[in-house]
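Let's take a walk through this structure, with an eye on its ligand and on one of its strands. Have the sequence and the 3D view open as you read.

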Amino acid sequence: MKALVYLGPANKALQERPKPEIAAPTDAIVRITKTTICGTDLHILKGDVPTCQPGRILGHEGVGVVDAVGSAVTAFKPGSRVLISCISACGKCLYCRKLMYSHCTTGGWILGNKIDGTQAEFVRIPHADTSLYPIPDGADEEALVMLSDILPTGFECGVLNGRIQPGSRVAIVGAGPIGLAALLTARLYSPAEIILIDLDDNRLDVAKRFGATATVNSADGNAMDAVMKMTGGLGVDTAIEAVGIPATFELCQQIIAPGGTIANIGVHGTKVDLHLESLWDRNITITTRLVDTVSTPMLLDIMRSRRIDPTPLITHRFKLDRILDAYDVFAHAARTQALKVIVEA
Ligand SMILES: NC(=O)c1ccc[n+]([C@@H]2O[C@H](COP(=O)([O-])OP(=O)(O)OC[C@H]3O[C@@H](n4cnc5c(N)ncnc54)[C@H](O)[C@@H]3O)[C@@H](O)[C@H]2O)c1
Ligand SMILES: [Zn+2]
Ligand SMILES: [Zn+2]
């Protein structure tokens, strides 16, 4: 089968690989119909994710059709159409019982990281009963690809951890797919203000169409002043970091109001300073989280009721044999205006 393989920092190739086989009774083999590329795949290619070793098939998002199941799988059978969660969960271990699937002792974020992922014709999914979701009849499969990772990530790590309340002031730093997913799901809580901050005017325009009340292009280095002005000098109740670099986490620390919450989403590859000298007396909370995908069933229902439509996030479509072009387009979003690219296997 064809698969996109990580070969070490800045190095990847579309290779011919053997079709995966059932390795445990709880496994399923899924034939991928649609997958996508994540900002985290770009972090892997930068060398930011040491758990992902050369030779790994990348990808942790997608939808497909079950091809084969192990003897212990009861919820799915060959032919079932499924949504693949980026997080694999056994449902039984200490962390799964605390609904912290991201830290499942035999799962978590392993797909396209510690085991082969979804940017291929087939993928092996461990703990299939509790890591796959049935696709409801009539659902838009491309929209569902946004539910593998970005919508639960924006919602759980940004909106829920950020404790967004009706009437609150929110800033989201980073208007990539994750920041925009946080914006879409933040609106469920009716905050008074949602300010999107990015360097890319196209992404800020998309954010406005998605309901941002204001946008700030931070290229001039004055984002803090702009946000303070917009909030009457108070700052924001929730600052969501959706980039993953020191400068943007520092900006969150500069714009957080007393009593506020900084909710980090970004994957950080280098150390970041924590300014306790200015924050120690401000009653703030800082949260970090790897997405658990515990909200996936709820988000499926919300999407079915059309309260959220993530399809405008999809900007490009490629066949799997052109996935290197898809990476090129996705990695140069400022030029290509890419958000999410659908890759059809
Ligand atoms: N915690 C989790 O479970 C989890 C899950 C998925 C993704 N992530 C991470 O979330 C982050 C965002 O993902 P994405 O797919 O949206 O990435 P992305 O690279 O597409 O988007 C990042 C955005 O940040 C903007 N940006 C870059 N530098 C900036 C700066 N100095 N100031 C303001 N904006 C700046 C870019 O223009 C871009 O629009 C990544 O770090 C990704 O790895 C975390
Ligand atoms: Zn991801
Ligand atoms: Zn578990």
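Here is a short look at the ligand's surroundings, followed by strand E3 and its partners.

Keep in mind that this is a predicted model.

Where does ligand 1 sit relative to the domains? Domain 1 (2-149 + 292-344) and domain 2 (152-288) both hand residues to its shell, so ligand 1 lies between them. There are 32 residues around ligand 1, and the ones that come nearest are Gly39, Gly176, Ile178, Gly244 and Val267. By character, the shell splits into 16 nonpolar, eleven polar and five charged residues.

Several secondary structure elements chip in with at least two shell residues each: helices H1 (39-46), H5 (150-160), H6 (177-186) and H9 (246-255), plus strand E9 (193-198).

Now for strand E3, which covers residues 28-36. Is this strand mostly covered or mostly open? Mostly covered: seven of its nine residues are buried. Its pairings look like this:

| Partner of E3 | Residues | Sense | Bridges |
|---|---|---|---|
| E4 | 62-69 | antiparallel | six bridges |
| E6 | 122-125 | antiparallel | four bridges |
| E15 | 340-344 | antiparallel | three bridges |

Val30 is a handy spot to zoom in on. Its bridge partner in E4 is Val66, and in E6 Val30 stands opposite Val123. For the pairing with E15, look at Thr36, which stands opposite Ile342.

Technical notes
Residues numbered from 1 in each chain as written. Chains lettered and ligands numbered in written order. Predicted model: local features only at pLDDT ≥ 70, side-chain atom pairs only at ≥ 80, totals over all residues. Near = placed C-beta within 6 Å. Nonpolar A, V, L, I, M, F, W, Y, C, P; charged D, E, K, R; others polar. Domains from an automatic or database assignment. Buried ≥ 20, exposed ≤ 12 C-beta atoms within 10 Å, placed from the backbone. Pairing = 2+ DSSP bridges.
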